[in-house]
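Biologist: Please take a close look at the interior of this chain and at the residues that line up around it. I should like one connected account.

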Amino acid sequence: MRAPEKTAWIAAYDATSPMRPSKGRRGCLERIAPSGASTYFPRARFVCQNAYPAEVERAIAGQNGVSRLFRGRFVPSFAHLVLV
């Protein structure tokens, strides 16, 4: 809550607790619990994968590729977010 603007955040998630840009709250982070309840993080915005800094891309590209292969069931994915 007190982090300054432009703070980068790398978050892990899996199929049991998906994260996505919310549709009704201007694209903020929405985390969906297994129960179906949503939690919103209004300052967090997803960074497009094409805009990742090189060091972030190198660090998480392989992990995300394996996660996509198993559709997030066994290996978590990572998202790069920035606080506004």
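Modeller: Leucine 81 of this predicted model touches Thr7, Ala8, Trp9, Ala11, Leu29, Ala44, Arg45, Phe46 and Val47, when residues up to four places away in sequence are not counted. Leucine 81 also belongs to the largest nonpolar core, a set of seven residues completed by Ala11, Met19, Leu29, Ala44, Ala79 and Leu83. Strand β5, which spans residues 77–83, gives the most to this core, with three residues. As a general point, nonpolar side chains tend to be buried together in soluble globular proteins.

Two members of the core, Met19 and Ala79, are also in contact with tyrosine 13. Tyrosine 13 lies in strand β1, residues 8–13, and its further contacts beyond four places in sequence are Pro18, Pro76, Ser77 and Phe78. Between tyrosine 13 and phenylalanine 78 the sequence separation is 65 residues, yet their C-alpha atoms are 6.3 Å apart. Tyrosine 13 counts as partly exposed because its relative accessibility is 25%.

The cysteines remain to be considered. The count of disulfides comes to zero. Cysteine 28 is in no disulfide, and the nearest cysteine sulfur, that of cysteine 48, is 18 Å away. A disulfide requires the two sulfur atoms to be within 2.5 Å, so the 18 Å between the sulfur of cysteine 48 and that of cysteine 28 is too far for a bond. Cysteine 28 counts as buried, because its relative accessibility is 1%, whereas cysteine 48, at 47%, counts as partly exposed.

Methods. Residues numbered from 1 in each chain as written. Predicted model: local features only at pLDDT ≥ 70, side-chain atom pairs only at ≥ 80, totals over all residues. Heavy atoms only, no water. Helix = DSSP H or I, 4+ residues; strand = E, 2+ residues; numbered from the N terminus. Buried < 20%, exposed > 50% of the residue type's maximum accessible area, 1.4 Å probe, protein only. Contact = heavy atoms within 4.5 Å. Core = buried A, V, L, I, M, F, W, Y, C linked by side-chain atoms within 4.5 Å.
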